[in-house]
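Subject: Handing over a structure, with notes on what was found

Dear colleague,

I am passing a structure on to you, and I would be glad if you would look through it before reading my notes. Please keep it open beside this message as you read.

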Amino acid sequence: MGKSIIATSLGTAAAAVVGSIASRKGVETWYPTLRKPRYVPPNAVFPVAWTSLYADVAVTSAATIEKFRAAGDDDKARAYAGALGANLVLNAGWSWLFFKMHKLGPSVIVAGALAVSSADLARRAAAADPKFGAALTPYPLWCSFATLLSTDIWRLNR
């Protein structure tokens, strides 16, 4: 996994850092003022969930890219890397829209796009190896939950 794990780790770390820069102040000051649904997890859940998911995305993505390359399918490897890059942009972009810019409606759209993009990554990973698709499944599930949560926060605060 040599170069691939470095690239996917740097990409996911960059998304995490960019997202956390946008989120930090908003989590402390603005987010507590919002009306939220009863099912919202405690704030402490989010960094644990995201750290685990970012690690999963980095490792599984590297394995997927390497599997495609080993099979001589460089086109699929490049397509996966491109889909991963788009996914990570959506991921970090959501934090900027929601926490930094306080754009609840647009953040719902980006959250939905992120959920679809995450499901696409799991589908692509499963094409390389079904175990890789299964390993990525928590990511689209969490992103789908985040979309529901974002939607309800938007609805409660319009």
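What follows goes from the whole chain to three single residues.

Please bear in mind from the start that this is a predicted model, and that every value below was computed from it.

As for the overall picture, the secondary structure of the protein consists of six helices and zero strands, so that, read from the N terminus on, the elements run α-α-α-α-α-α. The radius of gyration is 16 Å, which is close to the 15 Å that the globule rule gives for 158 residues, and the protein is therefore as compact as a globular protein of that length. Taken along the principal axes, the C-alpha atoms fill a box of roughly 50 × 25 × 25 Å.

Turning to the inside and the surface, buried residues account for 43% of the 158 residues, while the area that the protein exposes comes to about 8200 Å², with carbon and sulfur atoms supplying 67% of it. If we take the contacts between residues at least 6 apart in sequence, 78% of them join residues at least 24 apart. The protein also carries 17 positive and 9 negative charges, and the mean positions of these two groups are 12 Å apart.

Among the single residues, N91 may be a good place to begin, and you will find it in helix α3, which covers residues 74–100. Is N91 buried or exposed? Its relative accessibility is 4%, and because buried means under 20%, N91 counts as buried. Leaving aside residues up to four places away in sequence, N91 touches W50, Y54, L114 and Y139, and with one of these, Y54, its side chain makes a polar contact of 2.7 Å.

G93 lies in helix α3 as well, but its relative accessibility is 27%, so G93 counts as partly exposed. You might also locate A126, which is 33 residues away from G93 along the chain, and whose C-alpha atom is separated from that of G93 by 26 Å.

Finally, S150 belongs to helix α6, which covers residues 138–156, and with a relative accessibility of 4% S150 counts as buried. Which residues does S150 touch, not counting those up to four places away in sequence? They are W94, V108 and A111.

With best wishes

Conventions:
Residues numbered from 1 in each chain as written. Predicted model: local features only at pLDDT ≥ 70, side-chain atom pairs only at ≥ 80, totals over all residues. Heavy atoms only, no water. Helix = DSSP H or I, 4+ residues; strand = E, 2+ residues; numbered from the N terminus. Rg over C-alpha atoms; globule rule 2.2 N^0.38 Å. Buried < 20%, exposed > 50% of the residue type's maximum accessible area, 1.4 Å probe, protein only. Contact = heavy atoms within 4.5 Å. Areas by Shrake-Rupley, 256 points an atom, 1.4 Å probe, with all protein chains shown as cover. Lys, Arg positive; Asp, Glu negative; His and termini not counted. Charge placed at Lys NZ, Arg CZ, Asp CG, Glu CD. Polar contact = N/O pair within 3.5 Å; in protein donor to acceptor, adjacent residues only side chain to side chain.
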